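Please work through the following exercises with the sequence and the coordinates at hand, and attempt each task before reading its solution.

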Amino acid sequence: MLSSISILAIFLLFGTSGDSVTQTEGPVTLSEGAHMILNCTYQSSYTPSLFWYVQYLNKAPQLLLKSSTETENQGFQANLVKRENSFHLQKRSLQISDSALYYCAMTD
């Protein structure tokens, strides 16, 4: 029996005016074992630092990936694609334990 996994993507911006991070996915419910992609695109006059944070139920947010260092952590992957202004988060096979809030953030 497959179980449902609740995923919520929230996009945050910590930068200068005129810069933005765009949410292209909202709340998502997926089945265990499903492939997940959460989109994160940005507009900026420079190449910013981008981050993915995860917040599990009743826990504080924690850093999952940073564009300038990691490209994989706990089975999650994200690659900064400058020509597309994107930093999409992916995981090939979701587990129930992946149910959480996911935040994409950008800084100077």
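The exercises below concern a predicted model, and each task is followed by a worked solution.

**Exercise 1. The nonpolar core**

Determine how many residues the largest nonpolar core has, which of them have the most contacts inside it, and which strand gives the most to it.

Solution. The starting point is the core itself, which has 22 residues, and those with the most contacts inside it are Trp52, Leu64, Leu65, Leu89 and Tyr102. The next step is to assign the core to secondary structure: at least two residues each come from strand 3 (28–31), strand 4 (36–38), strand 5 (40–43), strand 6 (49–55), strand 7 (62–66), strand 9 (76–78) and strand 11 (100–107). Of the strands, strand 11 gives the most, namely four residues. As a last step, one may take Leu89 and set aside its neighbours within four places in sequence; its contacts then are Met36, Ile37, Leu38, Trp52, Leu64, Leu65, Phe76, Gln77, Ala78 and Tyr102. As a general background, nonpolar side chains in soluble globular proteins tend to be buried together.

**Exercise 2. Aromatic pairs**

Find out how many aromatic pairs a search of the whole structure gives, and describe the geometry of each.

Solution. The search gives two aromatic pairs. One of them joins Phe51 and Tyr53, with 6.2 Å centre to centre and 35° between the planes, and this pair is tilted. The other joins Phe76 and Tyr102, with 5.6 Å centre to centre and 45° between the planes, and it is tilted as well. This pair of Phe76 and Tyr102 links distant parts of the chain, because Phe76 lies in strand 9 and Tyr102 in strand 11, 26 residues apart. For the burial of the rings, the cut-off for buried is under 20% relative accessible area. Phe76, at a relative accessible area of 0%, is therefore buried, and Tyr102, also with 0%, is buried too. Tyr53, by contrast, has a relative accessible area of 26% and is therefore partly exposed.

**Exercise 3. The surroundings of Phe51**

Establish whether Phe51 is buried or exposed, and which residues it is in contact with once neighbours within four places in sequence are left aside.

Solution. Phe51 is located in strand 6. Its relative accessibility is 11%, so Phe51 counts as buried. With the sequence neighbours within four places left aside, the contacts of Phe51 are Leu63, Leu65, Lys66, Phe87, Tyr103, Cys104, Ala105 and Thr107. A C-alpha distance can be added to this picture: Phe51 and Ala78, which are 27 residues apart along the chain, have C-alpha atoms separated by 9.3 Å.

**Exercise 4. Charged and polar side chains**

Identify which side chains meet in a salt bridge, and what the side chain of Asn39 makes a polar contact with.

Solution. A search of the whole structure finds one salt bridge. In this salt bridge the side chains of Lys91 and Asp98 meet at 2.9 Å, N to O, and both Lys91 and Asp98 are buried. Turning to Asn39, its place is in the loop between strand 4 and strand 5, and its relative accessibility of 18% is why Asn39 counts as buried. The side chain of Asn39 makes a polar contact with the side chain of His88, at 3.4 Å. Another loop, between strand 6 and strand 7, holds Lys59, and this residue, with a relative accessible area of 55%, is exposed.

Conventions
Residues are numbered from 1 along each chain as its sequence is written. This is a predicted model: local features need pLDDT of at least 70, side-chain atom pairs count only at pLDDT 80 or more; totals for chains, interfaces and linings use all residues. Side-chain values use heavy atoms; hydrogens and water are left out. A nonpolar core is a set of buried Ala, Val, Leu, Ile, Met, Phe, Trp, Tyr and Cys residues joined through side-chain atoms within 4.5 Å. Buried means under 20% relative accessible area, exposed over 50%, partly exposed in between (1.4 Å probe, protein chains only). Contact means heavy atoms within 4.5 Å. A salt bridge is a side-chain nitrogen of Lys or Arg within 4 Å of a carboxyl oxygen of Asp or Glu. A polar contact is a pair of N or O atoms within 3.5 Å; within protein, one must be able to donate a hydrogen and the other to accept it, and residues adjacent in sequence count only if both atoms are side-chain atoms. Rings of Phe, Tyr and Trp (its six-membered ring) pair if their centres lie within 6.5 Å; planes under 30 degrees apart count as stacked, over 60 as edge-to-face and the rest as tilted.
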